[in-house]
Amino acid sequence: MSDTLASAIAQTMPSLGGGPTTPEPVLPPLVLSTQYVRDLSFRVPGAPGVYAMQPLQPHVTVQLDVQARQAQENHPVFEVALLIKCSATTHRPAEGQEPPQTAFLLELAYCGIFTLQNVMQAAVEPLLLAECPRLLFPFARSVLADITREAGFPPVMLQPIDFVAMLQTRKLAQGTTAPAPDSQPEQDTGAAAPS
């Protein structure tokens, strides 16, 4: 009989002492307690004129940052925030054309409360600045798409983000492994996807 099978049987069969053995509960290293919109701002400075420009395919620029902070002192509970700034103009700036009008400005802070359990110190930074944002991203992306669509624009659909590469770029830019909430460079997404 293999050692693995013998171990599994020993854990589930009654022992000679008269009762079943109960294995120690294994806690997951990362628990997402809750997620929420901490801050949301959406402005259409050129309304109502911007809506008269048809068909409107805005030129969208997105900035994304990740920040983490301890939520409870002396406890491994952290707030991780995805900070998204999105600005759109009526068209891509081009030489010889009139300057584009601002279509909309959006700022979103989408957060999650995470608890780390039995995690080695070296794994804390990658968990907080790569894995946690990866878990939050689909929800923040949905909020961004819904808000832009409900405001009368084509929904902004962010492409998947490689948060591990983003963390590595941040470390290289700082020349250290300490976490810091520096903003990432702007990402030009071009026109928003049509609805």
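## A guided tour of the fold, its core and its salt bridges

Among the contacts in the protein with a separation of 6 or more, 72% join residues 24 or more positions apart, where contact means heavy atoms within 4.5 Å. What you have open is a predicted model, in which local features need pLDDT of at least 70 and side-chain atom pairs count only at pLDDT 80 or more, while totals for chains, interfaces and linings use all residues. Residues are numbered from 1 along each chain as its sequence is written, and side-chain values use heavy atoms, with hydrogens and water left out.

**Start with the whole chain.** Switch to a cartoon view and look for three helices and five strands; these are DSSP runs (H or I of at least four residues for helices, E of at least two for strands), numbered from the N terminus. Following the chain from the N terminus, you meet the elements in the order α-β-β-β-β-α-α-β. If you then turn on the surface, the protein exposes about 11,700 Å², of which carbon and sulfur atoms supply 57%, with areas from the Shrake-Rupley method and a 1.4 Å probe, and for residues only the protein chains shown counting as cover. Of the 195 residues, 33% count as buried, a word that here means under 20% relative accessible area, with exposed meaning over 50% and partly exposed in between (1.4 Å probe, protein chains only).

**Next, select Leu82, Ile84, Cys86, Phe104 and Phe163.** Within the largest nonpolar core, which has 37 residues, these five touch the most other members; such a core is a set of buried Ala, Val, Leu, Ile, Met, Phe, Trp, Tyr and Cys residues joined through side-chain atoms within 4.5 Å. S2, S3, strand S4 (102-116), H2 and H3 each supply at least two residues of this core, and its largest share, ten residues, comes from H2. In soluble globular proteins, nonpolar side chains tend to be buried together. Stay on Leu82 and show what surrounds this residue: leaving aside neighbours within four places in sequence, its contacts include Leu64, Val66, Tyr110, Phe137 and Phe163.

**Then pick out Cys86 and Cys111.** Cys86 is buried at 2% relative accessible area, and Cys111 is buried at 0%. How many disulfides does a search of the whole structure find? The search finds zero, a disulfide being a pair of cysteine sulfur atoms within 2.5 Å.

**Finally, turn to the charged pairs.** A salt bridge is a side-chain nitrogen of Lys or Arg within 4 Å of a carboxyl oxygen of Asp or Glu, and by this rule there are seven.

- Select Asp65 and Arg170, whose closest N and O atoms are 2.7 Å apart in a salt bridge. This pair links distant parts of the chain, since Asp65 is in strand S2 (residues 59-70) and Arg170 in helix H3 (residues 163-174), 105 residues apart. Both residues are buried.
- Select Arg69 and Glu79, which meet in a salt bridge of 2.9 Å, N to O. Arg69 lies in strand S2 and Glu79 in strand S3 (residues 77-89), so the pair ties together parts ten residues apart in sequence. Arg69 is partly exposed at 48%, whereas Glu79 is buried at 5%. Add Arg38 to the selection, and you have a network of salt bridges linking Arg38, Arg69 and Glu79.
- Select Lys171 and Glu125, a salt bridge with its closest N and O atoms 3.4 Å apart. Lys171 lies in helix H3 and Glu125 in helix H2 (residues 121-150), so the pair ties together parts 46 residues apart in sequence.
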